[in-house]
Structures are given as structure tokens and as C-alpha cells.
Amino acid sequence: MILSWTPTHPPQKRLVGPGEGGEVVRDVKVLSALIRRRYREGASIAVVARELGVSKSTVQRHVPAQERRGAAAAARQRHRNRAQTPYEKALRAQVVRLYGSGMPQQRVAATLGISVEAVVARLEPSQRRSKQEAARLAVEQQGELLPKDEIIARYVQGATMTELGKLYGVHPTTIRRRIPDDLIRPRAPGPQPRPRTQHQRTLVDEEVRRRYAAGESAYVLAREFGVSTHTIRTRIPDTDWRTRPPEKASVPSPRPARPRSGGVRMVLMLSDEEILTMYRAGQSATAIGHAAGVDCRTILRRIPETERRTHLQAQQLNRPAPDVDADTIRTLRARGLTWEAIAARVGLSAKTVRARA
């Protein structure tokens with residue numbers, strides 16, 4: 001159904017086009033009713049405008065503001081409208097059929113050439129498998145691809161289930177399910193005795209006792225015969241065993257006398273007046289403390305609160321080369337000197353010179 005507008009004189013809009021029964025509709029009220037009905041059925045503004053042959057602004061003007069859909073509602077409506085197309089119905093049917101046959105979501109997406117999210121969106125919540133069911137199905141499908149005869153042959157030859165699981169990339173329990181219960185595997189050969197190295201000799205008790213009595217240590221004998229020192233100890237009688245000479249008891253150093261509970265008051269070499277004079281002269285509390293051999297907090301306690309400098313004042317006062325300001329640095333730069341040359345001339349670093357400029 002295609003409708004169109006034609007201008008008339010006097011200027012009044014009339015609708016020209018087939019109506020409900022094929023007749024020509026010339027009433028604006030009929031147009032407004034058609035627009036509102038199609039919009040309520042779920043058609044978008046663009047679709048209604050295309051069907052009626054009018055502009056989208058005309059459709060918006062005839063749709064009440066309280067009936068207009070928001071962005072989220074419009075997106076959901078477009079998704080529902082798209083789901084009714086023949087292509088979407090056929091695609092949904094293929095997704096449901098392949099997924100219901102036991103195929104995982106990734107394989108369905110690869111088969112149909114769509115994304116995994118598109119596969120999940122076309123499945124109802126009741127049709128989706130749980131994580132446990134999907135894991136069980138994946139193990140079964142992976143187990144069906146394993147060569148059962150080859151696994152049995154390797155197992156009979158002596159390979160363990162753990163080794164076969166690492167070889168085929170599955171759990172040993174999966175290998176166990178592929179092996180018949182009545183299968184009898186020949187007993188594996190016992191562990192071979194460790195070959196004797198060239199440093200090991202046959203342990204003879206008489207030789208061990210004789211050499212130990214001659215003065216050789218148990219550690220030397222253990223290394224020569226390739227055994228532990230405990231084994232050498234069991235070959236030697238207790239009466240012949242040499243014990244370690246007793247160590248001399250170390251005399252503990254006398255502990256320094258602890259100060260009295262009241263503590264020891266430190267006597268400063270500088271008086272409070274001298275400290276205040278040095279502090280007013282520009283020396284920091286740290287410098288005065290180093291000179292007096294005490295902590296800077298001890299110096300600060302002897303300076304009145306009204307005399308103490310703030311952090312910014314102390315920073316400006318202790319700033320190296322305070323006479324080198326930005327104007328001086330710019331003057332030297334205008335002469336052609338580099339940052340490094342200016343830094344060497346004023347006694348600062350090149351970074352500090354650039355910062356002051």
C-alpha cells in the first residue's frame with residue numbers, strides 16, 4: 001500500500017492513494033489513524049513513512065508524544081520485527097537443530113558463519129544446556145574421537161593411564177573407561193638395581209674399623225665407600241667411636257647497665273640563646289643538630305613557636321644559589337651558553353637551571 005500527498009488550492013493537505021478497500025483516501029484524519037495503527041503494531045517511524053509515502057517528520061507529528069518509543073524500546077521492537085522475517089526464521093531453525101543434536105555453540109557458529117553471541121541470542125533459555133551438561137557432552141564427544149584399539153595396545157605394552165592421558169590430552173579417568181575391565185596386563189618388570197659407580201666399593205667392617213682407628217674420619221670413609229656417615233657409625237663399636245671434644249663455654253659479655261627509669265637527660269653544648277641566634281641567622285634545625293650532635297627535634301623544642309619557620313620559608317631559605325633567578329638564566333642563555341654551561345657556572349644542576357628558567 002503506497003499513499004502520497006498532493007497539494008491543493010486553497011492550501012490544504014489531502015491524502016491521495018488506495019484506502020482500506022482500494023478506494024482513494026483524501027482525509028487527513030484517515031492518514032493519522034493509519035499512522036497510529038501501524039506504529040502501535042510495531043512498525044518503526046521509517047517503515048511507516050515508507051509504506052504511506054510520507055516523510056518521517058510527518059509520521060512523528062501524527063504520533064502522540066506519550067506513545068513514542070524510547071531508544072531501548074525501539075531497539076527491542078526492531079529485533080522482534082527482524083525475527084519475523086523468513087531468513088531469520090530459517091536461521092533460528094538451523095541453530096536449534098544443530099545445537100539440539102549435541103553440537104557445541106562454537107561449532108554451530110563456525111558451521112553457520114555467525115558469531116557465538118548470535119547463536120546464544122537465537123536459543124531460548126529452556127533450550128540452552130547447563131555448564132555441567134555441556135562439559136559432560138564435550139568429554140563424551142572427545143572420548144569418541146580417541147583410538148580405543150591403540151589405547152588398549154599401548155596399555156598392554158606397559159604404558160600407564162596417566163601417561164596415556166598426557167599423550168592424548170585427556171584425563172586418566174577417560175582412558176580408564178576405554179580399557180575393558182577383564183583386560184589382564186602382564187606384570188611390569190621390577191626396578192632394576194642401581195649400577196654401582198666407580199667411587200663405590202664393597203663395605204667391609206674390618207677395613208672400616210681399622211682405617212677409623214688409624215685416624216681417618218667417618219666422613220672420608222663414607223665418601224670413599226659411597227654410603228652415609230650413619231652407615232659408617234653402625235660399623236664402629238661405641239668404645240672406639242671418637243666424640244667431638246666439648247666446646248668451651250663462652251663467657252657472655254657483660255650487659256651494659258640500663259639507665260634509670262627516669263632516663264638520662266642529655267646536656268647540650270649550646271645554650272638556648274646560641275641556638276636561637278644561629279637559627280635566626282639562617283641555619284636549619286638539622287644543621288644545628290649536626291653541629292651539637294643531637295636530633296633536629298631536640299633543637300626545635302628549644303626554639304619558640306613564634307620563631308619557627310614554615311615549610312615554604314625553610315625551602316626558600318635553604319635554596320641553593322638564591323641569587324640565580326630566571327632573569328639571570330635568560331641573560332646567560334641569550335649569550336649562547338648551554339644549560340650545562342650555565343649549571344657549571346652557577347653551581348647548580350642542569351635540571352635545576354631549566355626549572356628556574
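**Figure 1. Close-up of I299, a residue that counts as buried because its relative accessibility is 0%.** In this predicted model, a residue is called buried when its relative accessible area is under 20%, and I299, at 0%, therefore falls into that group. I299 is part of helix α17, which covers residues 296-301. Leaving aside residues up to four places away in sequence, I299 touches I275, A285, I288, G289 and V294. The view may also include L270, which lies 29 residues from I299 along the chain, with 9.9 Å between the C-alpha atoms of the two residues.

**Figure 2. Close-up of helix α10, residues 161-168, with its buried residues L164, G165 and Y168.** Why can these three residues be placed on the same side of α10? They cover an arc of only 105° around the helix axis, and this puts them on the same side of the helix. On the other side of α10 are K166 and L167, and both of these residues are exposed, a word kept here for a relative accessible area over 50%. The buried residues of α10 are covered by parts of the chain that include α9, residues 148-157, and α11, residues 172-177. Just after α10 comes G169, which takes a positive phi of about 75°.

**Figure 3. Close-up of the largest pocket, which holds about 170 Å³ of space.** Ten residues line this pocket, and among them P104, Q105, Q106, R129 and A134 lie nearest its centre. Two helices, α6 (105-112) and α8 (131-144), each supply at least two residues of the lining. Which helix gives the largest share of the lining? That helix is α8, from which four of the lining residues come. Sorted by kind, the residues of the lining divide into five nonpolar, four polar and one charged.

**Figure 4. The protein chain from which the close-ups are taken, with its 21 helices and two strands.** The chain has 357 residues, of which 24% count as buried. Among contacts in the chain with a separation of 6 or more, 47% are between residues that stand 24 or more positions apart. The accessible surface of the chain comes to about 26300 Å², and carbon and sulfur atoms account for 54% of this area.

Notes
Residues are numbered from 1 along each chain as its sequence is written. This is a predicted model: local features need pLDDT of at least 70, side-chain atom pairs count only at pLDDT 80 or more; totals for chains, interfaces and linings use all residues. Side-chain values use heavy atoms; hydrogens and water are left out. On a 1 Å grid over the protein atoms alone, a cavity is a set of points where a 1.4 Å probe fits but cannot get out, and a pocket is an open set with protein on both sides within 12 Å along at least five of seven lines; lining residues have an atom within 4 Å of a point. Grid points are joined across faces, edges and corners, and a volume is the space filled by probe spheres set on the points. Ala, Val, Leu, Ile, Met, Phe, Trp, Tyr, Cys and Pro count as nonpolar, Asp, Glu, Lys and Arg as charged, and the others, Gly among them, as polar. Buried means under 20% relative accessible area, exposed over 50%, partly exposed in between (1.4 Å probe, protein chains only). The arc is that of the directions from the helix axis to the C-beta atoms. Contact means heavy atoms within 4.5 Å. Accessible areas come from the Shrake-Rupley method with a 1.4 Å probe; for residues, only the protein chains shown count as cover.
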